[in-house]
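Let's take a friendly walk through this model together, beginning with its charged side chains and ending with the chain as a whole. Please keep the viewer open as you read.

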Amino acid sequence: MSETTPPPPGEEPGRTTPPPGPPAPPPAPPPPSSEAWPSSPPPAPPPPAWSPAGPPSPADADANARQWAMLAHLSALAGLFVGGLIFLGPLLVYLVKKDEHPFIADQSREALNFNISVFIYFIASAILIPLGVGLLALPVVFIAWLVLTIMAAVRANNGEPYRYPLTIRLVS
């Protein structure tokens, strides 16, 4: 006698399943269209932005940026001839050129902060003239201002960020 096994659930009795074989290959991808492949490569991403965490490196400053940074420092000297408003030149450079290069923004901001600070020191020294202290402080502040401004201009022209001493950081 022959025994028959019942078919698995879901299959009809008497129907055989084909033997397992290799799977069918996936359908071929459609041919590329002219819209999918541009004729030129996509534009390069912009260079990474300078982070305000620190000053830019000297290698980042090109000749134009170094020149404007130097002019931001030296423009304070021209302020002597404009009623003593020594912060006016660095302010103009900062407002006009700050978006062109991070080195210009950094150095013009530094020159502006320093010259505002020195302007405050000049006023304080002038107030102290009746006490005699102002007579000593005015020449010291003036000579320090002149020397530090020239040093900063030379450093900026070399592409080196310069930080003035005794500066009140009002503009950040």
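**Charged pairs, packed helices and the whole chain**

With a side-chain nitrogen of Lys or Arg within 4 Å of a carboxyl oxygen of Asp or Glu as the rule, the count comes to 5 salt bridges. Keep in mind as you look that this is a predicted model. Side chains of opposite charge can pair when their charged atoms come close.

Start with aspartate 106 and arginine 163, whose side chains form a salt bridge with an N to O distance of 2.7 Å. This pair links distant parts of the chain: aspartate 106 sits in helix H3 (residues 102-127), while arginine 163 belongs to the segment after helix H4 (133-157), 57 residues apart. How accessible are the two partners, aspartate 106 and arginine 163? Aspartate 106 has a relative accessible area of 5%, so it is buried, because buried means under 20%. Arginine 163 has a relative accessible area of 35% and is therefore partly exposed.

Now stay with arginine 163, since its side chain also meets glutamate 110 in a salt bridge, at 3.4 Å from N to O. Here too the pair links distant parts of the chain, with glutamate 110 in helix H3 and arginine 163 in the segment after H4, 53 residues apart. Glutamate 110 counts as buried, at 4% relative accessibility.

Which residue forms a salt bridge with glutamate 110 at 2.8 Å between the closest N and O atoms? That partner is arginine 169. Because glutamate 110 lies in helix H3 and arginine 169 in the segment after H4, the pair ties together parts that are 59 residues apart in sequence. Arginine 169 is partly exposed, its relative accessible area being 44%. Put the pieces together and you have one network, in which salt bridges that share partners join Asp106, Glu110, Arg163 and Arg169.

Next, turn to a pair of helices. Two packed helices are described by the angle between their axes and the distance between the axes. For helix H1 (residues 63-78) and helix H2 (residues 88-97), the axes come within 7 Å and cross at roughly 150°. H1 is therefore roughly antiparallel to H2, because angles over 145 degrees count that way. On the H1 side, the contact is made by Trp68, Ala72, Ser75 and Ala76, which meet Gly89, Pro90, Val93 and Lys97 in H2. By character, the residues of this contact of H1 with H2 divide into 5 nonpolar, 2 polar and 1 charged.

For a look at helix H4, pick out alanine 152, which lies in it. Is alanine 152 buried or exposed? Its relative accessibility is 0%, so alanine 152 counts as buried. Leaving aside residues up to four places away in sequence, alanine 152 touches His73, Tyr162 and Tyr164. Alanine 152 is also 9.3 Å from alanine 69, C-alpha to C-alpha, although the two are 83 residues apart in sequence.

Finally, zoom out. The protein chain has 4 helices and 0 strands, and from the N terminus on its elements run α-α-α-α. Of its 172 residues, 27% count as buried. Among contacts with a separation of 6 or more, residues 24 or more positions apart account for 69%. The protein chain exposes about 11900 Å², and carbon and sulfur atoms supply 70% of that area.

Technical notes: Residues are numbered from 1 along each chain as its sequence is written. This is a predicted model: local features need pLDDT of at least 70, side-chain atom pairs count only at pLDDT 80 or more; totals for chains, interfaces and linings use all residues. Side-chain values use heavy atoms; hydrogens and water are left out. Helices (H or I, at least four residues) and strands (E, at least two) are DSSP runs, numbered from the N terminus. Buried means under 20% relative accessible area, exposed over 50%, partly exposed in between (1.4 Å probe, protein chains only). Axes are lines fitted to C-alpha atoms, for helices over the stretch in contact, and angles run from 0 to 180 degrees between N-to-C directions. Angles under 35 degrees count as roughly parallel, over 145 as roughly antiparallel, 65 to 115 as roughly perpendicular and the rest as oblique. Contact means heavy atoms within 4.5 Å. Ala, Val, Leu, Ile, Met, Phe, Trp, Tyr, Cys and Pro count as nonpolar, Asp, Glu, Lys and Arg as charged, and the others, Gly among them, as polar. Accessible areas come from the Shrake-Rupley method with a 1.4 Å probe; for residues, only the protein chains shown count as cover.
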